[in-house]
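Grab a coffee and work through a few exercises on one protein model. Try each task yourself before you read the solution.

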Amino acid sequence: PPRSTLFPYTTLFRSVVVQSLSRVPPLRDFFLLPANYAHVKSPLVKEFGALLRKMWSPHNFKGQVSPHELLQAVAHESDNRYKIGTQTDPMDFLGWLLNALHAGLGGTRKPGSSIIHKAFQGQVQIKTYKAARADTDADIDVETQLTPFLYLTVDVPPAPLFRDALERNIIPQVPLIACLTKFDGSTFQEMMNGDRRQYVVTQLPQYLIVHIKRFSKNTQQYVEKNPTIVNFPVRNLDLAAYTQLSEEDQAKGVQTKFNLMASTQHDGQPDSGTYRTYVHFKANDQWYDIQDLHVNGVHPQLISVSESYIQVWRRDEEE
């Protein structure tokens with residue numbers, strides 16, 4: 001089964017990110033061979049590779065590995081933004097880590113210029129309908145742009161303010177497919193400046209990271225959490241309704257179905273909760289719950305009704 005990592009309690013947000021990324025085969029295989037990045041000077045790249053080699057080493061009989069050197073490299077590379085002893089949002093850390101590894105490997109804006117972009121980069125079309133001005137009757141200006149992404153963010157419907165007959169708080173449930181309608185190419189997203197946008201995915205990555213946006217700040221700048229349960233299948237999530245593939249990709253038969261590889265969930269209150277990661281171990285087709293030093297088997301049905309926050313999906317042809 002997977003190994004746990006000895007992250008300090010206040011930095012568990014890094015552990016769930018590392019556990020998730022370590023399950024991605026091309027990323028793992030790249031970092032398991034030091035020759036792939038022997039020319040790189042970045043301490044972050046070298047220590048990330050060293051940790052993955054410890055986690056996957058067949059000669060390491062311990063159930064845990066120490067990430068201390070990686071934590072030091074992260075603190076230095078981020079100018080102490082993610083220093084040891086501080087807590088932060090794992091999604092914020094994940095976005096930073098992917099970009100930092102890409103830059104450390106010499107990656108550029110050119111597609112596929114690093115293993116990070118080869119694994120996770122997709123493309124979304126954004127169509128913006130400019131807000132009409134009150135002093136003109138001109139047609140609404142429309143702008144269309146293609147934007148690369150390393151993860152997709154989906155919104156969760158607001159939790160209801162009412163309770164049931166027994167005065168218990170109602171925790172609503174919503175399917176992930178409903179959250180993904182943001183990318184159906186026809187649903188409008190209202191912007192703060194009055195603009196409206198439509199999104200549709202035009203290029204699917206090999207491995208898709210989905211960020212389920214649960215946290216927001218209120219008017220007093222306090223972090224609030226939306227506890228809505230997002231239901232999803234662990235296999236065969238079909239994104240055909242949210243993609244407009246090019247003729248070339250259609251001719252290649254690019255698949256739109258994905259299987260879940262890892263899911264991070266948040267437990268408890270936004271300012272005092274903890275994170276855990278569910279990972280799929282392909283060798284025995286089993287799921288494991290990893291939290292701190294504990295690794296336990298878990299039924300996949302429990303994963304599909306959790307307060308999932310970050311998910312990593314694999315395109316079907318990668319099975």
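Below are four exercises, each with a worked solution.

The model is predicted, so local features need pLDDT of at least 70 and side-chain atom pairs count only at pLDDT 80 or more, while totals for chains, interfaces and linings use all residues. Residues are numbered from 1 along each chain as its sequence is written, and side-chain values use heavy atoms, with hydrogens and water left out.

**Exercise 1. The sheet**

Work out the strand order of the open sheet and find its edge strands.

Start with the terms: helices (H or I, at least four residues) and strands (E, at least two) are DSSP runs, numbered from the N terminus. Two strands pair if DSSP finds at least two bridges between them.

Step 1: take β3 (residues 122–129) and β4 (residues 142–149), which run antiparallel and are joined by 8 bridges. Gln 125 has Leu 146 of β4 as its bridge partner, and Lys 127 sits opposite Thr 144 in β4.

Step 2: look at β8 (residues 196–203), which is antiparallel to β3 and joined to it by 7 bridges. Here Tyr 129 has Arg 196 as its bridge partner.

Step 3: put it together, and the 4 strands come in the order β4-β3-β8-β7, with antiparallel pairing. That leaves β4 and β7 (189–190) as the edge strands, each pairing on one side only.

**Exercise 2. A helix and its cover**

List the buried residues of α4 and name elements that cover them.

Step 1: use the cut-offs, with buried meaning under 20% relative accessible area, exposed over 50% and partly exposed in between (1.4 Å probe, protein chains only). In α4 (residues 68–77), Leu 70, Leu 71, Ala 73, Val 74 and Ala 75 are buried.

Step 2: check contacts, meaning heavy atoms within 4.5 Å. The cover of these buried residues includes α1 (12–21), α3 (43–56) and α5 (90–104).

Step 3: step just past α4, and you meet Asp 79 with a positive phi of about 55°.

**Exercise 3. Aromatic pairs**

Classify the ring pairs Phe 13 with Tyr 82 and Phe 30 with Phe 31.

Step 1: set the rule. Rings of Phe, Tyr and Trp (its six-membered ring) pair if their centres lie within 6.5 Å; planes under 30 degrees apart count as stacked, over 60 as edge-to-face and the rest as tilted. This gives 15 aromatic pairs.

Step 2: Phe 13 and Tyr 82 are 6.4 Å centre to centre with 45° between the planes, a tilted pair. Phe 13 lies in helix α1 and Tyr 82 in the loop between α4 and α5, 69 residues apart, and the pair links distant parts of the chain. Both residues are buried.

Step 3: Phe 30 and Phe 31 make an edge-to-face pair because their ring centres are 5.2 Å apart and their planes are at 80°. Phe 31 has 0% relative accessibility, so this residue counts as buried.

Step 4: look for a cluster, and you find one formed by Phe 13, Tyr 82, Phe 93 and Trp 96.

**Exercise 4. Who lines the second largest pocket?**

Find which elements supply at least two residues each of its lining.

Step 1: on a 1 Å grid over the protein atoms alone, a pocket is an open set of points where a 1.4 Å probe fits, with protein on both sides within 12 Å along at least five of seven lines; lining residues have an atom within 4 Å of a point.

Step 2: of the 15 lining residues, His 117, Gln 121, Pro 148, Phe 149 and Leu 150 are closest to the centre.

Step 3: α5, β3 and β4 each supply at least two, and α5 has the largest share with 3 residues.
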